[in-house]
Amino acid sequence: MTGTRRTVAALFLLPALVLLGALVVYPIGYSVIRSFFNAGGDGFTGVDNYKTLFTDDGIRTALKNNVIWVVFAPTVSTALGLIFAVLTERVRWGTAFKLVVFMPMAISMLAAGIIFRLVYDQDPHKGVANAVWVGVHDTFAQSSAFPKAHPGRESPLVAQGGGFITKATVHAGQPVTLPLVGVAPDQMPGGAKRAVAARPEPGKITGTTWQDFTRGKGVGRLGAPDPSELGYAGMRIEAVKDGKVVAATEAAGDGTFTLPASADGARLRLPAGNFREPYNGVEWLGPALVTPAVIGAYVWMWAGFAMVLIAAGLAGVPRELLEAARVDGANEWQVFRKVTVPLLAPVLAVVTVTLMINVLKVFDLVYIIAPGSSQDDANVLALELYRKGFAENQPGVASAIAVLLLVLVIPVMAFNIRRLRREVRR
């Protein structure tokens, strides 16, 4: 009877064992064997492919980035999940909040990668991250409206320290012209109006600064405002004597400006701040920030997963222990740090280890979000495996990377399984 039961059990297990062998054991064994052969698969190379893992610059960068991923991505995701799980217990709309936070898990890695590729776009008019960043920056430090402006032909201005200054001194009662060119019509300030020639005023310096350019050959007068030309609204003008600014003002919408009598005998300067390039935000997907940017996208997706698991563990925490701590005089921070977190330690460990296994295999987000110019800087082992195996036709090295990934994952999986068994025994 015992033998019959074993036979029946073996027959039931046989399909699963066949699938396990075909889909797991055989690929692993083939990868291990293939890692000892050359690109053509017909020459035994020994451990040469494994030596490449520590000499190839691309693989070394991938290893370094994988370490960053393993350290930061699971830690931040678990910490945010813990915070969300604890806080949502105390708000009326906690369930709705959990649903919103968990919703990114329903999105594929491909879709999430496309979303964040757009979020991190360098152009503030397209990328949400830079739109917010530039908006905050410009609130405190307004960007220049004239980054491309410069003196034209026969100009009274010369370059000085990133700005421009008049060649000669100015005098009261004699209107000054400060013509510039180089600003596209669609980039003129919103308050720009038709430029007009300034009128002389006794005891004051008056003048006009404007876009001295009219479309069409032979149209317009050089050095004098024409009907179709616009003033440089907001242009800052400084009167400089002996290297010191004695007076300053800003041009009106029509480009006219007025300086007091103290500017008499000074040279007029258009400071470099007028021509500063507009702030274009942060290069999120540049070599320096591409890895943290991709990790941010990963955290956005997986913080909800961590929150759900931690919330399930939190539901099993005995409430009387929390109340006892409060009765003993502990504040909420002390209850959280000394009671809640220790009781959730097993759950937090499982979540962290699960995410560590997950990030060791991350591929989709890095491949989609990182542009070609900085993909080498964002490289990870799974992406390098793909590149070596398909783009560079080095299947032996790709197999060695696959074996390395397996070796890195096994200890983490073993730790997770041992912890789960310990929890079952309890």
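## A buried pair in helix H12

Glutamate 384 and lysine 388 join their side chains in a salt bridge, with 3.4 Å from N to O. This comes from a predicted model, so take the distances as computed values. Both residues sit in helix H12, which covers residues 381-391. They are four residues apart there, about one turn of the helix.

Are these two partners buried or exposed? Glutamate 384 is buried, because its relative accessible area is 2%, under the 20% cut-off. Lysine 388 is buried too, with a relative accessible area of 3%. The pair also belongs to something wider: salt bridges with shared partners link Asp56, Glu384, Lys388 and Glu392 into one network.

## Glutamate 238 and its two arginines

Side chains of opposite charge can pair when their charged atoms come close. Over in the strands, glutamate 238 meets arginine 269 in a salt bridge, at 2.7 Å from N to O. Glutamate 238 is part of strand S5 (residues 236-241) and arginine 269 is part of strand S8 (residues 267-270), so this contact ties together parts of the chain that are 31 residues apart in sequence.

Glutamate 238 also forms a salt bridge with arginine 236, where the closest N and O atoms are 3.1 Å apart. How covered are the residues of this second bridge? Glutamate 238 counts as buried, at a relative accessible area of 9%, while arginine 236 is partly exposed at 33%.

## A positive patch on the surface

Which residues gather in the patch of positive charge on the surface? They are Arg418, Arg421, Arg422 and Arg425. Arginine 418 belongs to helix H13, which runs over residues 395-425. With a relative accessible area of 47%, arginine 418 is partly exposed, so it clears the 30% that a patch member has to exceed.

## The chain as a whole

Stepping back, the protein chain has 13 helices and eight strands. Its radius of gyration is 34 Å, whereas the globule rule gives 22 Å for 426 residues, so the chain is more spread out than a compact globule. The C-alpha trace spans about 120 × 75 × 35 Å along its principal axes.

As for burial, 39% of the 426 residues in the protein chain are buried. And how many salt bridges does the structure hold? The count is 12, among them the bridge between glutamate 384 and lysine 388 and the one between glutamate 238 and arginine 269.

Conventions: Residues numbered from 1 in each chain as written. Predicted model: local features only at pLDDT ≥ 70, side-chain atom pairs only at ≥ 80, totals over all residues. Heavy atoms only, no water. Patch = residues over 30% accessible without salt bridge, like charges linked within 9 Å, V, L, I, M, F, W, Y side chains within 5 Å. Areas by Shrake-Rupley, 256 points an atom, 1.4 Å probe, with all protein chains shown as cover. Salt bridge = Lys/Arg side-chain N within 4 Å of Asp/Glu carboxyl O. Lys, Arg positive; Asp, Glu negative; His and termini not counted. Charge placed at Lys NZ, Arg CZ, Asp CG, Glu CD. Buried < 20%, exposed > 50% of the residue type's maximum accessible area, 1.4 Å probe, protein only. Rg over C-alpha atoms; globule rule 2.2 N^0.38 Å.
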